Amino acid sequence: MKEASKILYEELKAWLVAKKKFVLVEVLTADNYESGHIPGAINIPAEQIETANQKLKKNDMIVVYCNGVNCPLASRCALYLLEHGFKN
């Protein structure tokens, strides 16, 4: 079974400052995204993750986030992406 890698917010912040090339995906609802998100993030709500291939490329470095460490959506969506051929 595949497993998604996890990074801490501090590491994500460092990637953003260093302008590392990756796609940041918030998987919360569109309303949540509109009320505030990490700059540069795109929104693919968890219930629409199957449409990810419309916004993402299979070889993109992808970081998925939701609403903190106790929110299971990011892990579920990252696993879905891995199981459907997304590499990173």
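## A tour from the sheet outward

Begin by selecting Glu 26, which stands opposite Tyr 65 in strand S3. This is a predicted model, in which local features need pLDDT of at least 70, side-chain atom pairs count only at pLDDT 80 or more, and totals for chains, interfaces and linings use all residues. Residues are numbered from 1 along each chain as its sequence is written, and side-chain values use heavy atoms, with hydrogens and water left out.

**The sheet**

Helices (H or I, at least four residues) and strands (E, at least two) are DSSP runs, numbered from the N terminus. Two strands are said to pair if DSSP finds at least two bridges between them. Select S1 (residues 23-26) together with S3 (residues 62-65): these strands pair in the parallel sense over 4 bridges. Within this pairing, Val 25 has Val 64 of S3 as its bridge partner.

Add S2 (residues 42-43), which runs parallel to S1 and is joined to it by 2 bridges. Glu 26 stands opposite Asn 43 on this side. With the 3 strands displayed, an open sheet with parallel pairing appears in the order S2-S1-S3. Which strands stand at the edges? They are S2 and S3; each has a single partner strand, so one side of each is left without a neighbour in the sheet. Strands of a sheet pair through backbone hydrogen bonds, either parallel or antiparallel.

Next, add helix H2 (residues 30-35), which makes a right-handed β-α-β unit with S1 and S2. Right-handed here means that, with the strands pointing away from the viewer, the path from the first strand over the helix to the second runs clockwise.

**The loop after H2**

Move to Pro 39, in the loop between H2 and S2. Is this residue buried or exposed? Pro 39 is exposed, with a relative accessible area of 66%; the classes are buried under 20%, exposed over 50% and partly exposed in between, using a 1.4 Å probe and protein chains only. Leaving aside residues up to four places away in sequence, Pro 39 touches Leu 16 and Leu 24, contact meaning heavy atoms within 4.5 Å.

**Rings and charges**

Select Trp 15 and Phe 22, an edge-to-face aromatic pair at 5.4 Å centre to centre with 65 degrees between the planes. Rings of Phe, Tyr and Trp (its six-membered ring) pair if their centres lie within 6.5 Å; planes under 30 degrees apart count as stacked, over 60 as edge-to-face and the rest as tilted. Trp 15 counts as buried at 15% relative accessibility, and Phe 22 is also buried, at 16%.

Add Lys 20, whose charged end sits over the ring of Trp 15, 3.9 Å from its centre. The criterion is NZ of Lys or CZ of Arg within 6 Å of the ring centre and within 35 degrees of the ring normal. Then go to Lys 58, which lies over the face of Phe 86 at 4.7 Å from the ring centre.

**A buried loop residue**

From Phe 86, proceed to Ala 52, in the loop between S2 and S3. Ala 52 counts as buried at 1% relative accessibility. Its contacts beyond four places in sequence are Ile 44, Leu 81 and Phe 86. Ala 52 and Pro 39 are 13 residues apart in sequence and 19 Å apart in space, C-alpha to C-alpha.

**The cysteines**

Finally, how many disulfides does a search of the whole structure find? The search finds 0, a disulfide being a pair of cysteine sulfur atoms within 2.5 Å. Select Cys 77: the nearest cysteine sulfur, that of Cys 66, is 8.0 Å away. Cys 77 counts as buried at 4% relative accessibility, and Cys 71 is buried at 15%.
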